[in-house]
Amino acid sequence: MPDDIKHAPVPFTPNVEVRAEDEAETIQGLNEQIRLIQETTAKDYGTAVRGVHAKGHAIVKGKLEVLPGIAPELAQGLFSTPGSYDALLRFSTLPGDLLDDSVSVPRGLAIKLFDVPGERLPGSENDTTQDFILVNGPAFASPTPKAFLANLKMLAKTTDVGEGLKKGLSATMQTLDAALETVGIQSPTIQTLGGAPNTHPLGETYYTQVPLRHGGYIAKLSVAPISINLTELAGSKVDTSGRPDALREDMGEVLIEQDSVWEVRVQLCTDLEKMPVEDTSVVWDEKVSPYVAVARLTVLAQLGWERGLSEHQEQAVAYSPWHGLTAHQPIGGVNRARKPTYERSVQFRGERNGCPVHELRAIGDLPTQGMTID
């Protein structure tokens with residue numbers, strides 16, 4: 001067994017997934033909450049935006065290079081052979097409304113890879129893309145779909161709350177979160193509601209948080225910065241005072257200056273009790289099963305955000321963990337619940353904006369002409 005794989009990985013079989021009896025009812029509730037959020041924001045903005053991760057801070061083109069010499073247990077799916085894929089990266093923040101950046105919440109990174117061969121997941125048979133959805137924390141805030149629904153209800157209730165109140169709530173939550181961390185406690189719920197430290201998104205490591213098939217095994221993925229221009233930002237705070245779009249501005253300054261590089265890493269499940277599939281709030285122990293590099297993701301120096309064009313590009317693209325290969329099938333209740341909610345969110349955007357969102361065939365299909373922004 002290779003040195004970077006300390007214990008034998010658990011083989012994937014369909015019976016690692018266990019459905020709750022009320023899962024269909026919970027999914028219906030999630031769909032209702034997403035629609036409630038989108039109805040509210042569409043009324044406020046005059047256009048439909050995403051039900052979650054509505055505000056983008058950078059949308060950039062890159063290239064993913066699968067590394068040579070990967071151990072067989074890690075060389076699975078699209079990582080099975082060395083190769084190169086065009087990539088489209090979108091950095092965002094969690095809520096379904098477009099907030100002032102002083103309201104600090106978890107950051108997201110969505111990656112779309114193009115021209116990926118292989119057997120496809122149901123619903124994406126005619127596509128050639130592979131999406132990975134990641135957040136800057138190693139585990140999901142909710143252990144189960146039912147708990148996910150409870151958290152989404154809280155987000156829905158705060159969606160139409162005034163901006164000033166949200167800023168105040170975020171400042172209070174950040175103080176509370178910092179106090180909890182001094183005694184070794186982390187609260188994903190507090191961070192979800194605005195208590196996340198307001199750190200630079202480009203210095204963060206991002207995680208799928210929820211398990212995926214990794215060919216014949218089970219894994220979580222991470223995307224970690226490795227170029228100096230990114231690693232030096234780790235833990236650095238963003239000054240958002242009087243700057244509603246501070247994240248776009250600060251990220252743009254870094255992305256335009258020089259190339260940015262991340263590693264894509266895989267953490268294999270080696271114990272289903274300690275690394276459960278159906279409880280997504282559990283952090284898998286990296287001492288038992290470390291994240292191991294399988295690919296490198298490079299974004300050449302470019303504009304991170306171009307007013308008018310980037311908004312148009314965001315509306316033209318949809319990300320879902322269910323866009324992809326069977327070899328990277330999302331597994332577990334939270335993932336099963338995400339499939340219909342992502343589909344409904346995209347459908348709502350297309351219907352309300354009068355323009356269906358079609359899956360891109362190539363990175364060249366991304367719009368190159370902007371739209372007028374008032």
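**Close-up A. What surrounds the second largest cavity in this predicted model.** Lining this cavity are Gln130, Asp131, Phe132, Ile133, Thr208, Val210, Leu212, Pro321, His328, Pro330, Asn335 and Arg338. Strand β4 (130-135) hands over the largest share, four residues, and β4 and helix α8 each chip in at least two. By residue type, the lining splits into six nonpolar, four polar and two charged. The space inside comes to about 70 Å³. If you go looking for others, the structure holds five cavities of 30 Å³ or more.

**Close-up B. Arg336 and its salt-bridge partners.** Arg336 pairs up with Glu278 in a salt bridge, with 3.2 Å between the closest N and O atoms. That contact links distant parts of the chain, since Arg336 sits in helix α8 and Glu278 in the loop between β8 (260-268) and β9 (292-299), 58 residues apart. Arg336 counts as buried because its relative accessible area is 7%, below the 20% cut-off. Zoom out a little and you'll find these two in a network of salt bridges that also takes in Glu17, Arg19 and Glu23.

**Close-up C. Glu39 meets Arg352.** Here the two side chains form a salt bridge, at 3.0 Å from N to O. Glu39 belongs to helix α1 and Arg352 to helix α8 (residues 333-353), so the pair ties together parts of the chain that are 313 residues apart in sequence. Both ends are partly exposed: Glu39 has a relative accessibility of 31%, and Arg352 has a relative accessible area of 41%.

**Close-up D. Lys63 meets Asp86.** This is another salt bridge, with N and O 2.7 Å apart. Lys63 comes from strand β1 (residues 56-66) and Asp86 from strand β2 (residues 84-93), so the contact ties together parts 23 residues apart in sequence. Lys63, at 33% relative accessibility, is partly exposed, and Asp86, at 28%, is partly exposed too. As a reminder, side chains of opposite charge can pair when their charged atoms come close. The structure as a whole holds 18 salt bridges.

**Close-up E. Helix α1 from end to end.** Helix α1 runs over residues 23-45, which makes 23 residues. At 1.5 Å a residue it should span 33 Å, and the C-alpha atoms at its ends are 33 Å apart, so the expected and modelled spans agree. Right after α1 comes Gly46, which has a positive phi, near 75°.

Methods. Residues are numbered from 1 along each chain as its sequence is written. This is a predicted model: local features need pLDDT of at least 70, side-chain atom pairs count only at pLDDT 80 or more; totals for chains, interfaces and linings use all residues. Side-chain values use heavy atoms; hydrogens and water are left out. The expected span of a helix is 1.5 Å times one less than its number of residues. A salt bridge is a side-chain nitrogen of Lys or Arg within 4 Å of a carboxyl oxygen of Asp or Glu. Buried means under 20% relative accessible area, exposed over 50%, partly exposed in between (1.4 Å probe, protein chains only). On a 1 Å grid over the protein atoms alone, a cavity is a set of points where a 1.4 Å probe fits but cannot get out, and a pocket is an open set with protein on both sides within 12 Å along at least five of seven lines; lining residues have an atom within 4 Å of a point. Grid points are joined across faces, edges and corners, and a volume is the space filled by probe spheres set on the points. Ala, Val, Leu, Ile, Met, Phe, Trp, Tyr, Cys and Pro count as nonpolar, Asp, Glu, Lys and Arg as charged, and the others, Gly among them, as polar.
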